[in-house]
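The following exercises are to be worked with the sequence and the coordinates at hand. Each task is followed by a solution in steps.

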Amino acid sequence: MNPSVTRYGSMALGALGFVLLVAWLLSAYKLSSLGFQLFTGLITSTVLILISSGLTFVAGILHVINISHAILYTLGAFFGVVIFQWVRAVGDICIGDFCIDPFWFSLIGAPIGVGIVGALLERFTISRIYSRDPIYGLLLTLGLTLILTRVVEIIWGHDPLPFDSPAFTKGLVNLGFMYYPTYRLFVLVAGAIVVFLTWMFLRMTNFGLIMRAGVYDPQIVGAMGINLKKAFTKVFAFGAVLAAIAGVIVSPMRAVEPEMGNFIIIDAFIVLVIGGMGSFRGAVVGALLLGMSQSFGALIGGQLGFPWLTEVLVYMVMALVLLVRPQGLFGQAQLH
Amino acid sequence: MSALTQPRRAKLPFALGWIPVLLLLLLLPLGAELQLFSNFYINLFTKIFIFSVLLLGYDLLAGFTGMVSFGHAMFFGLGAYTTGLILIHSQALFGLPPELTIWLGMLMSVLLCAVVGMIVGFLSIRTHGVYFIFITLAFAQFFHSVAFHWSDVTGGENGLPGIKASTFLGIDHQTNYYYFVLAVLLLCYMLIRRVVNSPFGRTLVGIKENEQRMQFLGYNVRRYKWAAFVLSGSISGLAGALLAQQQLFVSTDLFHWLMSAEVIIMTWLGGVGTLIGPMLGGAIVIFFEDFFSSWMADNWLMIMGFVYVMFVLFSPRGLIGLIEKARHALTKGKE
């Protein structure tokens, strides 16, 4: 059959299925509960996009399964808390009547700090194992995770730390059909902006071009006169910065504690596998799929009496994708 | 490093004298009897032996066939849960005498893991490298999820307490169980060694070295990989069965991805593809875990992390690699 016919046919089928699903959902559930699940799913997805886009480039270009990405995310949250407390201690910084919320310092400062930590990690440890089997990357980053998790625990302890959301995001917003916490809306918007900026960065800048080309063949990129060693460090730091941004923006919603990364890293790996390594688009689509299926699955599964259905389903979907399209939905067929 | 020299390395630590080591292990409970050290160490060594069985199974897959699985916790947990459930329920359900429950547990664990290994293996062996790592991780997480949520049977996040130890030959007593596990370990070791040195095992090493070449030579590569996966899974399931009888408690931690990671760490720390190496690695990790955790609480993990990083960076072939280097340096000095 003509490939374009198959392609458009499957797209049409998919659209039809989607419309039917939405229609059924609208008829079966109240608008407010649907909206709530939609927003929850979107927030999960946004955070996952930020985390897995760093992971996907490190895996796609550097060929390292970077488990320590989890601890970079955690570090982001902790750096955020520290900067937040510092600024609080110094006193609010005001220009006339307008005071800058300490949150913004965290949002800018923590990713920079974590980016530096990431660059150091890459330069002194991870860069030494690029020529080896991927398993060594996994082992090495696991060791780093163990070390850094304990360091975080020694410095800040086991107990969750409090982290205030900025003043203007307190309370609830009336969306017409439901009330929703303002901070969560803020996360949605801020996350979307960061995702958009990342996309622009990858499309528009020279370094974005190097990154996208690096997924295809780093050797050729090197032959074009790019300093690969530096570029690899920057790629790693780039991932660390995105993970730290995710860490800061989730911390007012979730507990800031040393093990917080352990829960999310597996989800990020699933996104990576579904979306394909080295593909930003894959990370976005994979994260949306995962986030939405988690939130709506909980809604539907809860009603059917199988609240765990989605979790099991997600792993099955991941296995299915790997079997039918091992490189993921948007991944390279042949990684060099 | 050619294909043919690889398995022969497994013999190396034998030259260090395996008879004294075995004698020492056989006499170890005597020391506890004479109050030289507490019974705690008998238990610790039993745990080391159990992990050795698990690691033997894993090494067959990762070290000899070159299929690095990130989901071996799946078999360990499955074996442990199966045996745990049988030890709890089989007396009431089938009126099985407590002497026999461990045998039924071990048998069912191995069979179930073989079946699961067939299904998971059939699907997983189509992928390679990083994708194989991820797909095995996905399946293991699937089992973790099931164990976590199917609480009517598995006890969910509370785990499976109240396992009744089997009384076969008095293995509900720790010293007897020590010898029982040691015997199982020796049998497993001999079996895996036999397999590795058989034409089948040579084929597996050939697949690890160059899968395409083996295909061109006319081997049905997939079938060999599948068989290796199933065998490896069954052995690891047996280890899970042994653990249930020892700990008398089974929890979802056994299915957690950190357990799979620990298996990988132990294997690579010791020296992958050497059989003795992973057992050594497992012993060291478990021993250090005990030593450091009583000495510095949770911070031992930091020390272990540091050790892993150092090994990956400076001795990729693990302890066995270090020993070989040392031997090489010594013999060179003599010349």
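**Exercise 1. A helix of chain A**

Task: For helix α4 (residues 102-124) of chain A, compare the reach from its first C-alpha to its last with the span expected at 1.5 Å a residue, and state which elements its buried residues pack against.

Solution. The model is a predicted one.
Step 1. Helix α4 of chain A has 23 residues and reaches 33 Å, close to the 33 Å expected.
Step 2. The buried residues of α4(A) include A:Phe103, A:Leu107, A:Val114 and A:Leu121.
Step 3. The partners of these buried residues are α3 (69-90), α5 (134-156) and α9 (228-250) of chain A.

**Exercise 2. The fold of chain B**

Task: Determine how the radius of gyration of chain B relates to that of a compact globule with 335 residues.

Solution.
Step 1. Chain B contains 16 helices and 0 strands.
Step 2. A compact globule with 335 residues would have a radius of gyration near 20 Å; chain B has 20 Å, and therefore agrees.
Step 3. Of the 335 residues of chain B, 48% count as buried.

**Exercise 3. The contact between the chains**

Task: Identify which helix supplies the largest share of the side of chain B that touches chain A.

Solution.
Step 1. Chain B gives 35 residues to the contact and chain A gives 29 residues.
Step 2. On the side of chain B, α7 (129-149), α13 (257-270) and α15 (300-314) each supply at least two residues.
Step 3. The largest share, 14 residues, comes from α7(B).
Step 4. By class, this side of chain B has 26 nonpolar, 7 polar and 2 charged residues.

Definitions and conventions: Residues are numbered from 1 along each chain as its sequence is written. Chains are lettered from A and ligands numbered from 1 in the order in which they are written. This is a predicted model: local features need pLDDT of at least 70, side-chain atom pairs count only at pLDDT 80 or more; totals for chains, interfaces and linings use all residues. Two residues are in contact if their C-beta atoms, placed from the backbone, lie within 7 Å. Helices (H or I, at least four residues) and strands (E, at least two) are DSSP runs, numbered from the N terminus. Ala, Val, Leu, Ile, Met, Phe, Trp, Tyr, Cys and Pro count as nonpolar, Asp, Glu, Lys and Arg as charged, and the others, Gly among them, as polar. The expected span of a helix is 1.5 Å times one less than its number of residues. A residue is buried if 20 or more other C-beta atoms lie within 10 Å of its own, exposed if 12 or fewer, and partly exposed in between; C-beta atoms are placed from the backbone. The radius of gyration is taken over C-alpha atoms; the globule rule is 2.2 Å times the number of residues to the power 0.38.
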